[in-house]
Amino acid sequence: MPGKEADCLDPGLIRQAGEWLGAMHRLSAEDAIPFTSFSPWSMFGPTDDLAQDVCTLQKAVQASEANQSLWQEIYALYEKKRAFLEILWPDFPAEAVQGDFSLNNLLVDDDGSLCSIIDFHLAANDVFLCHFAGEAAFLAYEADRKNDDSEETGDLYFGAFAAGYFKNRQLHDLERDCLQDVLRIKRAFACHQVDDVLDKFNAGEISQVDMALEKIRFCLTKTFPV
């Protein structure tokens, strides 16, 4: 495949990434690829790594001196949103997705423009909204950026990614209605974020754990700029 790994994201590249993801989802829906497996990142799928991560985090919090009332609030929010989405999940559009639309899989040319997507080893079926939300939350708020790592800059990057995606694929009414809650869950309990909290537990940094839990609560209640 032509191109090289991108060193970091800029607004132009993340918008291109959104355009390509939107096109990939649209084409997948038009010409279904008969996968028999589900993405491990798929909510309510056979694996559902996110639910496993939440369970692991819950056990760690309950066995520690971390802020129990804060965690109970977080878990109640998560359970309420998850129960609502589970009822609707079979009605969301879903087909084959690339599965790992991360920065190291976006190849760019000498001008820094997206030219190739690599690494399809996690390609499988998933709900398009779930895949979009997971990739948008990671690329906009967690991947290396040229600017700063502030929430405000993350919002700008998220807006660029979403605008690119919507250029090539518009959400259905049900997807639009549930977009915020899927984004909240995906961002709050992304695997790298849960791993970071668990690392703080292992280091005995309980005050840092509580700060990380505050961030999770913020993500579960945030309104994303769509």
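## A first look at this predicted model

Cysteine 178 is buried, with a relative accessible area of 1%. Here buried means under 20% relative accessible area, exposed means over 50%, and partly exposed lies in between (1.4 Å probe, protein chains only).

Before going further, a word on what you are looking at. This is a predicted model, in which local features need pLDDT of at least 70 and side-chain atom pairs count only at pLDDT 80 or more, while totals for chains, interfaces and linings use all residues. Residues are numbered from 1 along each chain as its sequence is written, and side-chain values use heavy atoms, with hydrogens and water left out.

**Confidence.** The predictor's confidence in each residue is given as pLDDT, from 0 to 100. The protein averages 92, and 100% of its residues score at least 70. Among its elements, helix α3 (residues 68-88) has the highest mean pLDDT, 97, and helix α7 (residues 191-202) the lowest, 86. Helices (H or I, at least four residues) are DSSP runs numbered from the N terminus.

**Cysteines.** A disulfide is a pair of cysteine sulfur atoms within 2.5 Å, and the structure holds 0 of them. Cysteine 178 is in no disulfide, since the nearest cysteine sulfur, that of cysteine 130, is 12 Å away. For cysteine 115, the closest cysteine sulfur belongs to cysteine 8 and is 16 Å away, too far for a bond. Cysteine 115 counts as partly exposed, at 25% relative accessibility.

**Salt bridges.** A salt bridge is a side-chain nitrogen of Lys or Arg within 4 Å of a carboxyl oxygen of Asp or Glu. By this rule the count comes to 15, including the three pairs in this table.

| Pair | Closest N to O distance |
|---|---|
| Lysine 81 and aspartate 181 | 3.1 Å |
| Glutamate 151 and lysine 222 | 3.1 Å |
| Aspartate 196 and lysine 200 | 2.7 Å |

Lysine 81 and aspartate 181 meet in a salt bridge. Lysine 81 lies in helix α3 and aspartate 181 in helix α6 (residues 173-188), so this pair ties together parts that are 100 residues apart in sequence. Lysine 81 counts as buried at 13% relative accessibility, and aspartate 181 counts as buried at 17%.

Glutamate 151 and lysine 222 also form a salt bridge. This pair links distant parts of the chain, with glutamate 151 in helix α5 (residues 151-168) and lysine 222 in the segment after α8 (206-221), 71 residues apart. Glutamate 151 is partly exposed at 21% relative accessibility, whereas lysine 222 is buried at 7%. Both belong to a network of salt bridges that links Glu151, Asp155, Arg187 and Lys222.

The pair of aspartate 196 and lysine 200 sits within helix α7, where being 4 residues apart separates them by about one helical turn. Aspartate 196 is partly exposed at 36%, while lysine 200 is buried at 17%.

**Helix α3.** The expected span of a helix is 1.5 Å times one less than its number of residues. The 21 residues of α3 should span 30 Å, and its end C-alpha atoms are 31 Å apart, which agrees. Its buried residues are Leu70, Trp71, Ile74, Tyr78, Lys81, Arg82, Leu85 and Leu88. They cover an arc of only 115° around the axis, which puts them on the same side of α3; the arc is that of the directions from the helix axis to the C-beta atoms. These buried residues pack against α2 (49-62), α6 and α8, where contact means heavy atoms within 4.5 Å. On the face turned away from the buried side, α3 carries the exposed residues Gln72, Lys80 and Ile87.

Key: Helices (H or I, at least four residues) and strands (E, at least two) are DSSP runs, numbered from the N terminus.
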